[in-house]
Amino acid sequence: AVAGVPLGANDMLRTLTGCAMPDRLDSPLAIGDNWRTSAGPGGAKIYMRRDSATAPWRLVTYLHGGDALRPTWRADYDDFHDGLPYVVRLVSADRRRFNLELKLSQLEPNVQLKPEVFRVDVPANAERISVEELKRSGLLGAAKDRDQ
């Protein structure tokens, strides 16, 4: 949200990992042996590519559907390693809204996590507060958001 991309946490995760897809896909089309495209609602569209006939298909572009069959933004994927895109570009149809390029680095997939990463270390000088006190502090959002 800070960067202007209109996605919640789950959709952002799917988008950044190259798993973004419209809810429904229609009109599949082969473009040669190594390209495929398909359309979704509101102008959504995907483009998939593979390097060879035996290689896996990869999502390389996702156009997010909008109003009047015009996409509102797009995601482009590049530099794949073990099926994961290491470069993701997010661009709004109105480029003044957002134009981001994200690059993964220092990634260690499938690392065995030790139990201590799940332990919470509470500082000795921490004070307990109730949920009601936390709500009153405003740290859980504005009052109008809490009441809904």
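Is S27 buried or exposed? The legends below, which describe a predicted model, take up this residue after an overall view.

**Figure 1. Overall view of the predicted protein chain.** The chain contains 3 helices and 7 strands. Followed along the sequence, these elements are arranged as α-β-β-β-β-β-β-β-α-α. The C-alpha trace extends over about 65 × 40 × 25 Å along its principal axes. The radius of gyration is 21 Å, whereas a compact globule of 148 residues would have a value near 15 Å. Of the 148 residues, 23% are buried. Of the contacts between residues at least 6 apart in sequence, 23% link residues at least 24 apart.

**Figure 2. Close-up of S27 in strand 1.** Strand 1 covers residues 26-30 and includes S27. The phi angle of S27 is near 50 degrees, a positive value in a residue other than glycine. S27 counts as exposed because its relative accessibility is 55%, and the cut-off for this class is over 50%.

**Figure 3. Close-up of the largest nonpolar core.** In soluble globular proteins, nonpolar side chains tend to be buried together. The largest nonpolar core of this chain has 14 residues, and Y62, W73, A75, Y77 and L90 touch the most other members. Strand 4 (58-64), strand 5 and strand 6 each give two or more residues to this core. Strand 5 supplies the largest share, with 4 residues.

**Figure 4. Close-up of the surroundings of Y77.** When residues up to four places away in sequence are not counted, Y77 touches T15, G18, A20, L59, V60, T61, Y62, P85, V87 and V88. Y62, like Y77, is one of the core residues that touch the most other members.

**Figure 5. Close-up of D79 in strand 5.** D79 has a positive phi of about 55 degrees, although D79 is not a glycine. The relative accessible area of D79 is 36%, so this residue is partly exposed.

**Figure 6. Close-up of the loop that holds D82.** D82 is placed in the loop between strand 5 (73-81) and strand 6 (84-92). D82 is exposed because its relative accessible area is 81%. In sequence, D82 and P109 are 27 residues apart, and in space their C-alpha atoms are 9.4 Å apart.

**Figure 7. Surface and charged side chains of the protein chain.** The accessible surface comes to about 11,200 Å², and carbon and sulfur atoms account for 52% of this area. The chain carries 21 positive and 20 negative side chains, and the centres of these two sets lie 4 Å apart.

Conventions: Residues are numbered from 1 along each chain as its sequence is written. This is a predicted model: local features need pLDDT of at least 70, side-chain atom pairs count only at pLDDT 80 or more; totals for chains, interfaces and linings use all residues. Side-chain values use heavy atoms; hydrogens and water are left out. Buried means under 20% relative accessible area, exposed over 50%, partly exposed in between (1.4 Å probe, protein chains only). The radius of gyration is taken over C-alpha atoms; the globule rule is 2.2 Å times the number of residues to the power 0.38. Contact means heavy atoms within 4.5 Å. Accessible areas come from the Shrake-Rupley method with a 1.4 Å probe; for residues, only the protein chains shown count as cover. Lys and Arg count as positive and Asp and Glu as negative; His and the chain ends are not counted. The place of a charge is taken as NZ of Lys, CZ of Arg, CG of Asp or CD of Glu. A nonpolar core is a set of buried Ala, Val, Leu, Ile, Met, Phe, Trp, Tyr and Cys residues joined through side-chain atoms within 4.5 Å.
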